[in-house]
Amino acid sequence: MDVQGIVAGKVALVTGGGSGIGRATAELLAREGATVVVADRNVAAARATKEDLDELGAAALAVEADVSLPDQVEAMVAAAVAEFGRLDIAVNNAGTPGGYRDVTDLSEGAWDTTLGINLSGTFHCLKHEIAAMRANGGGAIVNMSSATVLKMAAPQPDYAASKSGIIALTRSTALAYGPDGIRVNAVLPGPTDTPMLSAGFNARSIDLTEMGKRYPLRRIATADDIANLVVWLASDRAGIITGTAIPADGGYSLT
Ligand SMILES: NC(=O)c1ccc[n+]([C@@H]2O[C@H](COP(=O)([O-])OP(=O)(O)OC[C@H]3O[C@@H](n4cnc5c(N)ncnc54)[C@H](O)[C@@H]3O)[C@@H](O)[C@H]2O)c1
């Protein structure tokens, strides 16, 4: 393991670490020297990511946790601290795209589900992560928002509202816990080639490569593109940065 990595010696937690952006982030954290707790409601996916980290020689733990359930989130953070003694970095990445329906067609139940995972889930994570980080003198948190908050391109009122709320939570917690040495930032990915995006777009017969050609950098993001920003923000190299919401979208939101 590269002890010179930008997060060497840190203990990191990634929710939704079994797939897509979360999996790429867990792998990059490990390559950059962190010990990684991979949490996902799909525990088989979390274990598969952990096996990748094992092969890299990183210390890792897979945890089953649904972020919409406060008790499971509390147990997830407790498991991380019990196994590795502290928590330095948290990436609150688990999310759902919702059902792609405008408000008149969106059921109350579907609204509650999307907000329960994306927004309340982030709240539950922040609550327990911040408590653990205060106990060890600080930390860095990255919340996964979306460039959807900058550009509405699909009928996703539940998703867009949840991802806007995540920015408000980010700013509020950055203000409150900066004095405790805790930085909190949000990342706003544009369209990113992951199972979540391809599932939604294949269903609507949208070609991702063709779609990417419409944006300034002529491509959509990879999960690694997003992980690069997340891990840098989580590292001490971003030590003066807090309360921000940074797009990583190849110029998508400019179009
Ligand atoms: N892919 C994109 O284009 C894109 C764009 C902007 C923002 N995002 C955001 O990035 C994050 C990751 O998305 P992705 O594209 O990698 O998706 P993905 O579907 O590939 O991975 C999401 C992971 O989160 C897990 N998950 C879902 N609900 C959960 C819950 N309640 N508790 C715990 N784990 C849960 C899933 O099991 C899965 O492993 C999401 O928050 C998403 O909204 C994605």
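The axes of helix H1 (residues 20–31) and helix H8 (residues 223–234) approach within 8 Å of each other and cross at roughly 55°. That angle makes H1 oblique to H8, and H1 passes H8 in a right-handed crossing. On the H1 side, the contact is formed by Gly20, Ile21, Ala24, Thr25, Leu28 and Leu29. Helix H8 contributes Ala223, Asp224, Ile226, Ala227, Asn228, Val230 and Val231. Sorted by class, the residues in the contact of H1 with H8 comprise nine nonpolar, three polar and one charged. The model described here is a predicted one.

A second helix pair is formed by H3 and H4. The axes of helix H3 (residues 70–84) and helix H4 (residues 108–135) come within 9 Å and cross at roughly 30°. H3 and H4 are therefore roughly parallel to each other, since angles under 35 degrees are counted in that category. Their crossing is right-handed. From H3, the residues Pro70, Val73, Glu74, Met76, Val77 and Val81 meet His124, Cys125, His128, Glu129 and Ala132 of H4. By class, the contact of H3 with H4 divides into seven nonpolar, two polar and two charged residues.

The description now turns to the ligand. It is surrounded by 28 residues, of which Ser19, Asp40, Asn93, Tyr159 and Thr194 are the closest. Three polar contacts to oxygen atoms of the ligand are set out below.

| Residue | Protein atom | Ligand atom | Distance |
|---|---|---|---|
| Asp40 | polar side-chain atom | oxygen | 2.6 Å |
| Thr192 | backbone N or O atom | oxygen | 2.8 Å |
| Thr194 | side-chain N or O atom | oxygen | 2.5 Å |

Asp40 and Thr194, both listed among the closest residues to the ligand, thus appear again in the table: Asp40 through a polar side-chain atom, and Thr194 through an N or O atom of its side chain. For Thr192, the atom concerned belongs to the backbone.

Two loop residues merit a note on backbone geometry. Tyr100 has a phi near 50°, a positive value in a residue other than glycine. Tyr100 is located in the loop between strand S4 (89–92) and H4, the helix whose contact with H3 was described above. Arg218, likewise not a glycine, has a positive phi of about 65°. Arg218 is placed in the loop between helix H7 (208–212) and strand S8 (221–222).

Methods
Residues numbered from 1 in each chain as written. Predicted model: local features only at pLDDT ≥ 70, side-chain atom pairs only at ≥ 80, totals over all residues. Heavy atoms only, no water. Axes fitted to C-alpha atoms, helices over the stretch in contact; angles between N-to-C directions. Helix = DSSP H or I, 4+ residues; strand = E, 2+ residues; numbered from the N terminus. Parallel < 35°, antiparallel > 145°, perpendicular 65-115°, else oblique. Left-handed = near helix turned anticlockwise from the far one by under 90°. Contact = heavy atoms within 4.5 Å. Nonpolar A, V, L, I, M, F, W, Y, C, P; charged D, E, K, R; others polar. Near = heavy atom within 4 Å. Polar contact = N/O pair within 3.5 Å; in protein donor to acceptor, adjacent residues only side chain to side chain.
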